[in-house]
Amino acid sequence: MRGVRRALLVALLLLQSPAVRAQGPSASPPSPPIRFEEIGAAVGARMQHHTHKFKGKYADVLGMFTSGGAAVAVGDYDGDGDEDLFVTDSDAGRPNHLLRNQLAETGKLGFVDVAKEAGVAGGNDERTIVSDALWFDADNDGHPDLLIARFGTPILYRNLGNGKFEDVSVKAGLTKFGNSIAVIAFDYDNDGRLDLLFGNYFKPVNLIDLPDTHVLPNNLDDAVNGGGVTLWRNVTAPGSHDIRFVEVTEKAGLAKHTGWTLDVGHGDLNNDGWQDLYIAADYGTDRLFINNRDGTFRDATKEALGGLDTKKGMNVDMADFDRDGWLDVYVTNITDEYMKECNMLWHNNGDGTFTDLSKETGTCNTLWGWAAKFGDFDNDGWEDLFAVDGLRSAGKENYIPVLLEMIIKPGVDFTDVASWPAIGNMSWSGLQKKKLFRNLGTLAFKEMAAEAGVDNDRDGRGIGLGDFDNDGRLDIYQTNADQESLLYRNVSPGTAHWLELKLIGTKSNRDAIGARATLKIGGATLIREVNGGNGYAGQSSKRLHFGLGTAAKIDSLEIRWPSGLVEKLETVSGLVDHITTIKEGSGVVK
Amino acid sequence: MTEGLRRLAILLVLAAGLAMSEAAGAAGVARATAYEDAMKAVAAGNHAAALPLFESALAADPDDLKSANEYRKAVIRTKEYDRAIAFFDKLTAQHPQAAYAWLNFGYTYVDKIPDAGSITQVILANNALTNFSKSIELKKTWIALFTRGNSYLYWPKIFGRAPLGVADLEAAVAISQKEPKPRSVHVRAWIALGDAYWKTEQPEKAKSTWREGLKLFPNNLELKARLARDGDDLEKYIYDQLDPNKRVDTNLAPLWEGE
């Protein structure tokens with residue numbers, strides 16, 4: 001019955017589709033090619049990642065379960081108008097990298113690692129593992145601060161505005177141990193301060209000093225013994241640099257989720273001006289939480305998603321892929337020869353329910369999925385998707401048959417590290433080609449990674465999107481576990497127009513995270529929301545990027561700020577093909 | 001006629017309720033009554049109420065294929081898989097020589113697969129194989145050999161189980177060839193044997209098996225569909241048929257219907 005409903009929905013959506021009605025930018029485009037060139041080494045941005053090497057009897061298995069940590073955060077930390085990168089490493093003693101973009105200074109794209117001088121290289125030691133990173137302006141002073149998530153306690157570096165950072169984690173109250181794998185910043189209570197949500201994989205036990213070996217999932221399809229999430233409310237006094245957080249997980253109604261969280265994402269899913277949450281969990285069901293607008297959330301998973309799932313949720317990103325004015329959600333899972341889960345492209349039906357259209361749209365299979373990000377790579381006005389995959393590319397021997405023997409052993413205790421066979425030099429879902437799905441604007445995507453030059457077979461983890469060379473085309477930074485990262489510069493030919501918006505909140509949080517821009521053009525309506533780190537192991541640029549296709553003018557632009565202020569910009573003629581700064585309450589300022 | 005088929009024929013007669021002889025005794029009466037009451041509950045749409053009645057029927061006759069078949073159908077409707085698994089676990093412990101009880105125990109795991117997560121599916125499929133093997137150890141019947149052989153084909157190539165499927169399905173086809181006249185249900189083994197050859201990199205043998213099957217069953221659409229395809233098209237078709245996320249047809253009624 002659900003299949004029939006889905007088919008009917010697709011038919012209905014197709015009838016209503018702007019593309020079918022031939023409206024909007026490049027509605028039925030004679031698509032120009034999408035092309036990328038990999039320039040990581042040439043511009044000084046190729047970084048080798050190292051997973052944490054555990055010691056002792058269970059080193060091998062624990063290493064296998066913690067093979068993430070290769071993350072990237074995109075942000076203009078020095079405020080010079082170009083996007084910089086923070087790239088993590090994870091093994092003890094290995095430094096993280098703060099790659100300062102020299103574009104504004106030299107006119108040429110190039111990066112210099114200034115992590116040591118800035119004081120942000122540390123974080124990996126014998127007892128802690130860096131897993132994710134995030135730029136966000138915790139004290140609303142205009143200087144993006146840096147949060148490093150760890151299997152351990154997090155580190156909050158306050159940006160001093162002079163190229164240096166100060167570790168304020170303890171003063172800020174961020175001293176709670178967690179096995180965090182994901183972190184986002186968003187303003188859940190719309191009080192103008194950015195709060196933090198951590199996604200935690202294992203429950204809070206120190207894996208490096210295991211008191212008890214029973215720390216692994218208690219069920220491989222329905223585990224409830226993971227780390228869940230932790231929500232921290234920003235209580236920094238206005239105008240103060242004395243950043244403070246207090247934990248509100250329980251109070252906010254998020255403590256009952258005890259799954260193996262791999263990613264967390266936020267967005268206004270019901271168009272009420274408040275940020276909602278989607279939590280992707282490994283070994284069991286994802287969760288969708290709707291903001292009650294009173295500092296709490298309600299678990300709407302069953303009614304919104306039609307039930308609980310048993311999949312291996314790895315990534316959350318949100319965008320309005322079909323331009324119907326409602327944010328949709330893309331989740332990667334595992335689809336391989338031995339496991340056919342299929343991803344989920346949750347189409348937002350606008351009535352509190354979502355329908356998975358991944359099969360119908362051709363976005364079901366990204367193999368052993370990790371990060372996936374929406375972005376309009378060809379500037380045709382439709383959000384495309386780039387997805388990375390691949391778990392472990394090592395020796396010729398395959399771990400799966402070995403693992404099978406354990407899985408089917410009667411009475412096996414999955415939670416016990418000692419039950420799991422060592423992986424040694426075996427491969428597991430390795431050498432997988434990345435996927436680039438071009439949005440055809442007809443509720444269908446076409447996979448074209450090879451054609452676009454991004455079909456590498458590394459063990460991908462995170463994606464950071466940004467216009468690193470300020471040319472109006474979205475570039476891609478890809479991190480890989482135990483391998484070098486890649487930087488793909490978008491060199492797509494074509495003359496499609498674009499615009500980028502840098503939003504500055506005044507009453508709202510200064511990063512404008514949660515702000516929504518609605519752009520009308522040729523009868524089509526495009527929405528973009530500023531997000532604070534959606535997507536596994538990768539934060540994309542906070543600049544909003546719109547492809548405009550052949551349209552050289554826009555009809556209107558409206559910004560809905562988290563404070564509730566709605567600003568309609570009357571003068572929009574100069575925005576096309578430019579990066580424009582808009583300040584809350586003041587309109588275009590640059 | 002093999003011992004297995006003779007036993008099957010006897011069971012079918014019993015299940016059809018055609019020979020409620022005095023020899024059947026009290027147990028037979030109890031089984032028949034419970035079965036009839038269960039079927040009345042099913043007809044009334046009350047599948048949950050039918051479950052204990054089918055269980056009573058099976059307790060009286062553990063090898064009763066028809067009761068087990070209807071029981072599993074009701075289990076699928078109510079999604080009471082774990083109850084059924086527990087029931088067959090107990091039944092086979094009490095009647096370890098009941099070959100068809102083991103077979104249906106295996107089928108109960110198969111029935112649960114589409115409603116399970118991807119890793120649980122593997123565990124269920126493996127449990128099913130274990131029980132099919134117990135059934136075969138007790139009696140090498142066509143249905144048990146076909147069932148286990150076909151089950152092997154659902155496993156990804158990486159686990160190397162398709163060659164085991166070839167062996168079972170060749171044995172099943174051999175049993176069916178001993179029949180004086182082909183029975184329509186036997187076409188399944190011809191289809192599956194071709195699929196097994198195809199999955200073990202023997203495409204020519206697969207095609208010739210399907211062709212041979214089509215001579216015996218000239219109207220079979222599944223054989224025709226396979227023979228009409230080649231290369232990637234055929235691969236997609238076969239993998240689509242062997243998708244573990246789709247419910248496998250475990251209805252045994254064709255064994256006694258449409259002959």
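Over which residues of chain B does pLDDT stay under 50?

**Figure 1. A low-confidence stretch in chain B of a predicted model.** The answer is residues 9–24, where pLDDT stays under 50. For this stretch, the model has 18 contacts beyond four places in sequence. Chain B as a whole averages a pLDDT of 90, and 89% of its residues score at least 70. For the complex, the predictor gives an ipTM of 0.78 and a pTM of 0.90.

**Figure 2. Strand β30 of chain A and its two pairings.** Let's look at β30(A), which spans residues 486–490. Four of its five residues are buried, so the strand is mostly covered. Strand β1 (residues 36–38) of chain A pairs with β30(A) in the antiparallel sense over three bridges. Here A:E38 has A:Y488 as its bridge partner. Strand β29 (residues 475–480) of chain A also runs antiparallel to β30(A), joined by three bridges. In this pairing, A:Y477 is matched with A:L487.

**Figure 3. The hairpin of β29(A) and β30(A).** Five residues lie between the two strands. Look for A:D482 in this hairpin: A:D482 takes a positive phi near 60°.

**Figure 4. A buried aspartate, A:D309, in a loop of chain A.** You can find A:D309 between α6 (301–305) and β18 (315–319). Which side chain of opposite charge is nearest to A:D309? It is A:K311, 6.6 Å away, and A:D309 has no salt bridge. Instead, look at the backbone nitrogen of A:D286, which the side chain of A:D309 reaches at 2.9 Å. Leaving aside residues up to four places away in sequence, A:D309 touches A:D221, A:G284, A:T285, A:D286 and A:M344.

How values were computed. Residues numbered from 1 in each chain as written. Chains lettered and ligands numbered in written order. Predicted model: local features only at pLDDT ≥ 70, side-chain atom pairs only at ≥ 80, totals over all residues. Heavy atoms only, no water. pLDDT = per-residue confidence, 0-100. Contact = heavy atoms within 4.5 Å. Buried < 20%, exposed > 50% of the residue type's maximum accessible area, 1.4 Å probe, protein only. Pairing = 2+ DSSP bridges. Lys, Arg positive; Asp, Glu negative; His and termini not counted. Salt bridge = Lys/Arg side-chain N within 4 Å of Asp/Glu carboxyl O. Polar contact = N/O pair within 3.5 Å; in protein donor to acceptor, adjacent residues only side chain to side chain.
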